[in-house]
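Okay, thanks everyone. Let me put the model up and walk you through a few spots.

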Amino acid sequence: MIRVLTGILGRLNSHREPSYRLSMPIQNFLALDKIKSLSNPYWYHSIDFVDYLTPGHNWHKLWEWIAKFISGHNRIFQGADILEFGPQDGLWTAWMTKLGCRHISSVDILNKPEFRLVCEAFDLPVEYYPSVTSSDTPRHVKKDFSGVASLGVLYHLHDPLAALMMYRRFLRKGGWLLLETAAVKGKTRAMYYTENGPLSGRSSGNIFYPTEGFLENALTEGLGFQIVDQKFLVTGFSPAIRRLTGRLILLAYVQTPPNIANFEFVTESLGFKAPFEG
């Protein structure tokens with residue numbers, strides 16, 4: 001009986017104090033009170049407010065893996081102005097602030113009161129662009145950045161290659177891309193269509209899974225990045241394509257001009273107007 005209770009308490013404590021906990025001071029307790037009293041909230045992440053943990057999805061292993069990676073590259077955030085795609089409820093927005101970023105422009109197809117309240121509670125340096133699709137971002141955001149963060153977004157997009165071109169177009173010379181996505185392990189240069197769920201086992205907006213080889217080639221040979229760190233977390237095996245699947249995270253720096261066909265034409269069609277100088 002004691003052993004059973006110990007196991008239960010251990011699981012509860014690990015949920016209350018995940019290893020990716022923010023440990024950030026609350027700046028606005030009124031916002032925290034509103035977070036606690038939200039009716040029918042949808043929390044994607046578990047966000048730690050010291051005495052309160054939001055009931056996000058039980059994907060703690062993934063969150064811990066991402067937190068470990070970005071913490072290992074904390075220097076890139078210091079004083080940075082960042083364009084963030086798909087912040088959901090703001091876990092990684094808060095993390096990037098904790099690691100020292102100066103300003104974050106957060107773009108999301110969603111319009112989430114949870115995100116606004118998280119920003120208020122932690123006083124995050126955020127400019128929010130809600131209800132904006134990824135491909136429509138250049139028509140709303142009219143500046144360039146020292147960094148682009150796309151965490152858990154690319155595989156939901158209808159045109160992931162155009163999105164990578166857009167990320168590159170938003171970056172200044174020497175800028176960096178932090179990219180995390182569902183992916184297929186292997187050096188084959190391919191993009192697998194999965195809207196009906198053959199790879200992820202469900203639909204829910206999961207559209208394209210890139211391979212490691214596709215991302216490496218598109219980013220380095222096509223878009224002029226140098227990948228300085230890259231990790232793959234295996235989460236399953238797809239009988240449909242007989243490949244390991246999981247999550248890929250990488251950090252890449254702008255090194256040379258893009259060498260991909262029609263780069264300026266595609267980015268101009270997305271809404272970029274200023275001359276490209278990167």
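First, a bit of vocabulary: two strands pair here if DSSP finds at least two bridges between them. Helices (H or I, at least four residues) and strands (E, at least two) are DSSP runs, numbered from the N terminus. Keep in mind that this is a predicted model, where local features need pLDDT of at least 70, side-chain atom pairs count only at pLDDT 80 or more, and totals for chains, interfaces and linings use all residues. Residues are numbered from 1 along each chain as its sequence is written, and side-chain values use heavy atoms, with hydrogens and water left out.

So, on to β4, residues 145-151. Six bridges pair β4 with β5 (residues 171-184), in the parallel sense. One pairing to look at: A149 has L178 in β5 as its bridge partner. Between those two strands the chain passes through helix α6, residues 160-170, and this β-α-β crossover is right-handed. By that I mean that, with the strands pointing away from the viewer, the path from the first strand over the helix to the second runs clockwise.

β4 also runs parallel to β1 (residues 81-85), joined by four bridges. There, F85 is partnered with S150 of β4. And how covered is β4? Seven of its seven residues are buried, meaning under 20% relative accessible area, with exposed over 50% and partly exposed in between (1.4 Å probe, protein chains only).

Last thing, backbone oddities. Most residues other than glycine have a negative phi. V50, not a glycine, has a positive phi of about 70 degrees; V50 sits in the loop between α2 (29-36) and α3 (60-72) and is exposed at 56% relative accessibility. Q88, also not a glycine, has a positive phi of about 55 degrees. Q88 lies in the loop between β1 and α4 (91-98), and is buried at 16%.
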